[in-house]
Amino acid sequence: MITFFCVHLLPNKLSVLKRFIIFSYAFITIYFFNQIYGQASTFITFLGLILLIYFFTSNHYLSLSCYLFGYLYTISFNYLFMWAAGLIFKMDMEVFLTHHLLLITFSCIYCMFCGATTKLIGYYFHKKLNIAKYLTNYHLLKAIFIALFLLVFFYIFNFSYGERLGYNYGVIGLNGIIFLLLFIITVFLMYTVYTVTMREQAYKHRMAQFENLRVYTERLENSYGIMRKFKHDYMNILVTMSGFMKENDMDGLKEYYGERILPISHAFTESDTKLGILSNIKNTALKSLLSSKFVYMMEMGIRMEIELLEPIGDLNMDCLDLSRILGIFLDNAMEAAMETEVKEVHFCMFYKEKNLHLIMQNTALPPTYAISELRSHEISTKGENRGIGLFNVDMILKNYENAIWNTTYEEPYFTQELILMHND
Amino acid sequence: MIHIYLCEDDNRQLNCWKEIIEKHLLMSSTESMLYCATSKPEELLSMRRRSNTTGLYFLDIDLQSNKNGIELAQEIRKYDPRGYVVFVTTHSEMAVLTFRYKVEAMDFISKDETETLPKQICSCIQNAERNYKAQLDSSNRLLSIKVDKDSLVLDQNDIVAITTSNDSHKITVHTKTGIRQISGSLKEFQATLNSGFCQCNRSTIVNLKHVLKYSREDALLLMNNRETYSVSIRMLGKVQKALNNFYPSITN
């Protein structure tokens, strides 16, 4: 019964069928083996459950750690409850366990408590802290898993072997307290590890952002230099023109205009003054991401068109999530554009009735697969990354009811369109 | 018949456009007419309010007024959702995707290339007229879809399939060129679709017109955009019947 509630703690929701399998397995093994082997049967149940969860979930170490944590949590509270009950009713453990009515009410209260709290903790872990997103260090997860596994192992070993040796309940109670302390220490350790990882991540993130903004500023300074040069040329042009006018040389003026002035106006739009338009993006993190991607694309020889005609303030989405999605889209766009002859990428953001529209368009070879398949896990046309990236986008957008995502290919452009509705 | 509107703050350019358009209208046998040529957005809007004919709008972006061309076009869309907007602008103000996606502009013309300007304007008028005629013919099979406050118009013939998304409030429309999400439910849409559509499992409605192959052994429908859809056991008979009705010549 207890073991089942730990399911609440898993990062991804399991289907009803899988839950049922886990529950019935736990129930059956405990029921049958307990009569034959006594408490030692817990080993069988426990190992079986770990295997089941291993097969049912994708992120193995994280899921198993969560599960083990849940197990420790429930067992610890089992001891606490027993102790409290004993205290309230002034009863010895042994008397208590033979008193059927009391035992059943006790079990019911305990189960309700565990069911509710594990659900709450699971919610807090995965929705609020989003640990699956930050705890990506594989070795750290492995270490946590092994520590928890050993702790649980000793836990079970202790009470099953103790029973066989004929410990009285007092000794087992003492053991319980020791393990409770151990458990608290583990929780504390895990919490410390968590905060340290978070801080490290934030630091890394800030450094990357800083670096991107530095490159961006450099580019802006460059384009300012071009502007200054133009200002200088511009004065020269005006002087020459006034010369033509003084001499009333209309033909000369026409020729000069066609040969010198028109080309300048064209050259201007092609130069890398384009990045200056990013000043319309008010969110620094987003600006740094976009500038770094755009600078890189221009260096790769891709023709960029950036359209940001109005200030972009409200994102209608978590800024980190949006950055991740845009990063994936732009990487894909670049990769696909590089395969084509023209190598064009267009980027555009605007508001339409407070809804934020993001459009990315790039030249691409005609797809050899159905476009809807791009979002599924299996497909990857070139290398591994492309399909998986879009699958991740789909996973992120699942949490946003206000997001609409359209994908089209119309020769020769591949277009990703993301609409983020304003939440009223 | 289409009404043509012009809005450009520079009077010399405005007159130049006017001449080009009048010349074109004279030369071609068309009922379209130049309805309004102005330098003030407000004037154009008040003219628009009085008319209910579909319009073709040639707009400058920088109007030296409290509204720019894009804002004006958005305003126009309120009165004339199906009108044709063309932006006439300098190269540096060009924002192709914004024009197309924000106000569904039909086209854009670059002012810088003065030589080709008349030709571009004329071809825009012709395109708009052609499109207007085509739409009159096909208005009965268009599926108008509400997307929040905007509505999106899709030709039912272009839809390959409609499926539920993993988010219960949205459905996905699959066309030959891609996929788009729309808020709503399958049930709501089923009522508005024509007889060429058939539900093949709990979460999918397919357009029989786009079925390439039906493999009865695997109960799979292969569509002409490379997608495959499974047919649920409950729907097997229905799908077979619908296919037979739709393609009476092919009896398998």
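Helix α4 of chain B, residues 96-103, is mostly covered: 6 of its 8 residues are buried. The model is predicted. The buried positions are B:Leu97, B:Thr98, B:Phe99, B:Tyr101, B:Lys102 and B:Val103.

What covers them? The cover includes elements of both chains. Chain A contributes β1 (303-307), β2 (344-352) and β3 (355-363). Chain B contributes α3 (69-79), β4 (84-89) and β5 (107-110). The helix lies across β1, β2 and β3 of chain A, and runs at about 40 degrees to β2(A). After α4(B) comes B:Glu104, whose phi is positive, near 50 degrees.

**The shared sheet**

Strands β1, β2 and β3 of chain A belong to an open sheet of 10 strands with mixed pairing. Its order is β1(A)-β2(A)-β3(A)-β5(A)-β4(A)-β10(B)-β9(B)-β8(B)-β12(B)-β11(B). Which strands stand at the edges? They are β1 of chain A and β11 (197-201) of chain B. Each has a single partner strand, so one side of each is left without a neighbour in the sheet. From one strand to the next, the twist averages 15 degrees.

Helix α12 of chain A, residues 319-338, also packs on the sheet. It touches β2, β3 and β5 of chain A. The two helices can be set side by side.

| Helix | Chain A strands met | Angle |
|---|---|---|
| α4(B) | β1, β2 and β3 | about 40 degrees to β2(A) |
| α12(A) | β2, β3 and β5 | about 20 degrees with β3(A) |

Within the sheet, β4 (residues 403-410) and β5 (residues 413-420) of chain A pair in the antiparallel sense over 8 bridges. One bridge links A:Ala403 to A:Leu420 in β5(A).

**B:Asp60**

UniProt, in an unreviewed entry, places the feature "modified residue: 4-aspartylphosphate" at B:Asp60. This residue sits in the loop between β3 (55-59) and α3 of chain B. Is B:Asp60 buried or exposed? It is buried, because 25 other C-beta atoms lie within 10 Å, and the cut-off for buried is 20 or more. Leaving aside neighbours within four places in sequence, B:Asp60 is in contact with B:Cys7, B:Glu8, B:Asp9, B:Gly69, B:Val88 and B:Thr89. Helix α3(B), at one end of that loop, is also part of the cover over α4(B).

**Chain B as a whole**

Chain B has 7 helices and 15 strands. Of its 252 residues, 31% are buried. Among contacts in chain B with a separation of 6 or more, 49% join residues 24 or more positions apart.

Key:
Residues numbered from 1 in each chain as written. Chains lettered and ligands numbered in written order. Predicted model: local features only at pLDDT ≥ 70, side-chain atom pairs only at ≥ 80, totals over all residues. Buried ≥ 20, exposed ≤ 12 C-beta atoms within 10 Å, placed from the backbone. Helix = DSSP H or I, 4+ residues; strand = E, 2+ residues; numbered from the N terminus. Contact = placed C-beta atoms within 7 Å. UniProt positions renumbered as here; feature names shortened; annotations may be inferred. Pairing = 2+ DSSP bridges. Axes fitted to C-alpha atoms, helices over the stretch in contact; angles between N-to-C directions.
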